[in-house]
Amino acid sequence: MNNKFLGAYCQYLNDYLSIDEIVEIEKKDKDFFQQNISHNLYCPECKLAPLSIVHGDSEYLRAYAKSVHGEDCSLMQNIVSNAAFIKIIESDSNNEFLSKKLNDFADYIFLPKKNNQVLTPLTIEHGIDENAQTDTTANKKTKNSKYIPRQNISNGIFVEDIGVYKFFYGELYLIWYKNKNNDNVKKLLAFPLHHNKKSVFSITMSSRVSDYVKNDLPIQFNKLQRVKVVFLSVLNKYNNYYNFHIKHSAHFIVKS
């Protein structure tokens, strides 16, 4: 079970806040934080379980004891291991499966929730049977669901995500960057909503992948535009900058 959060939904602001933003608000105005923010932080996915900030060597958020998450909230399930997830990703036969998961998750995050929508598309049993158990009452085998890890990057990336495959999502300012040194690799510069020079990162892909992505991505060279995206990748660090590489066009979803 996951009980460590690096972001939260703030009911008072009706917005998602990273742990860095929450700490900054607390430092700037403790009275405002105590009156309006501290008791209005909830699970970033189901928005039901209340969270509290934990101070230490590094700040994070955790759920209160006996707090209740929404039904099938992925953040209270066991996470699929990075090694197991990589095996699923590396199999070409799973591209359609992953594409559907990405599209369903994009709809779940960015479109209005339906009254009967209670299950998150992040749950996964595909190719995972190490936790298979026997249900003696039903006399059949059942699997413990695991969930695909995800991270909201609307407000920036986290170094904790380096080397871990996830569904990354959020609203970003994107612009195509002309790569003069290698025309076979296309690059997007990405700016979080509240960005500075240090928070800029890149998203790269082959020219073949970009040909498909450009059909859904209404972005012109030298023109910064705000879009909603969900993509499957892993965060890498090269010298002083961070990059995501998109291996397949089905792994990058744009929502207008």
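# Strand pairing and aromatic contacts in a predicted model

Thr 123 has Tyr 147 of strand 10 as its bridge partner. The model is predicted. The points below cover strand pairing, the aromatic pairs, one charge over a ring and the surroundings of Gln 151.

**Open sheet**
- Strand 10 (residues 146–147) and strand 7 are paired in the antiparallel sense, with two bridges between them.
- An open sheet of three strands runs in the order 6-10-7, with mixed pairing.
- Strand 6 (78–79) and strand 7 (123–124) are the edge strands, each pairing on one side only.
- Strands of a sheet are held in register with one another through backbone hydrogen bonds, either parallel or antiparallel.

**Hairpin of strands 1 and 2**
- Four bridges join strand 1 (residues 7–10) to strand 2 (residues 15–18), and the sense is antiparallel.
- Ala 8 has Leu 17 in strand 2 as its bridge partner.
- Four residues lie between the two strands of this hairpin, where Asn 14 takes a positive phi near 50°.

**Aromatic pairs**
- The structure contains eleven aromatic pairs.
- One of them is the stacked pair of Phe 168 and Phe 231, at 5.8 Å centre to centre and 25° between the planes.
- This pair links distant parts of the chain, 63 residues apart: Phe 168 belongs to strand 12 (residues 165–177) and Phe 231 to strand 15 (residues 225–238).
- Both Phe 168 and Phe 231 are buried.
- Phe 231 and Phe 252 count as stacked because their ring centres are 5.8 Å apart and their planes meet at 20°, under the 30 degrees that stacking requires.
- Because Phe 231 lies in strand 15 and Phe 252 in strand 17 (residues 252–255), their pair ties together parts 21 residues apart in sequence.
- Phe 231 has 0% relative accessibility and therefore counts as buried; Phe 252 is buried too, with a relative accessible area of 4%.
- Phe 168, Phe 201, Phe 231, Phe 244 and Phe 252 are linked into a cluster by ring pairs.

**Charge over a ring**
- Lys 47 places its charged end over the ring of Tyr 9, 4.5 Å from the ring centre.

**Gln 151**
- Strand 11 (residues 150–152) includes Gln 151.
- Gln 151 has a relative accessible area of 11%, so this residue is buried.
- Leaving aside residues up to four places away in sequence, Gln 151 touches Leu 6, Phe 158, Asp 161, Lys 166, Phe 167, Phe 168 and Tyr 169.
- Among these contacts of Gln 151 is Phe 168, a member of the ring cluster described above.

How values were computed:
Residues are numbered from 1 along each chain as its sequence is written. This is a predicted model: local features need pLDDT of at least 70, side-chain atom pairs count only at pLDDT 80 or more; totals for chains, interfaces and linings use all residues. Side-chain values use heavy atoms; hydrogens and water are left out. Buried means under 20% relative accessible area, exposed over 50%, partly exposed in between (1.4 Å probe, protein chains only). Contact means heavy atoms within 4.5 Å. Two strands pair if DSSP finds at least two bridges between them. Rings of Phe, Tyr and Trp (its six-membered ring) pair if their centres lie within 6.5 Å; planes under 30 degrees apart count as stacked, over 60 as edge-to-face and the rest as tilted. A charge sits over a ring if NZ of Lys or CZ of Arg is within 6 Å of the ring centre and within 35 degrees of the ring normal.
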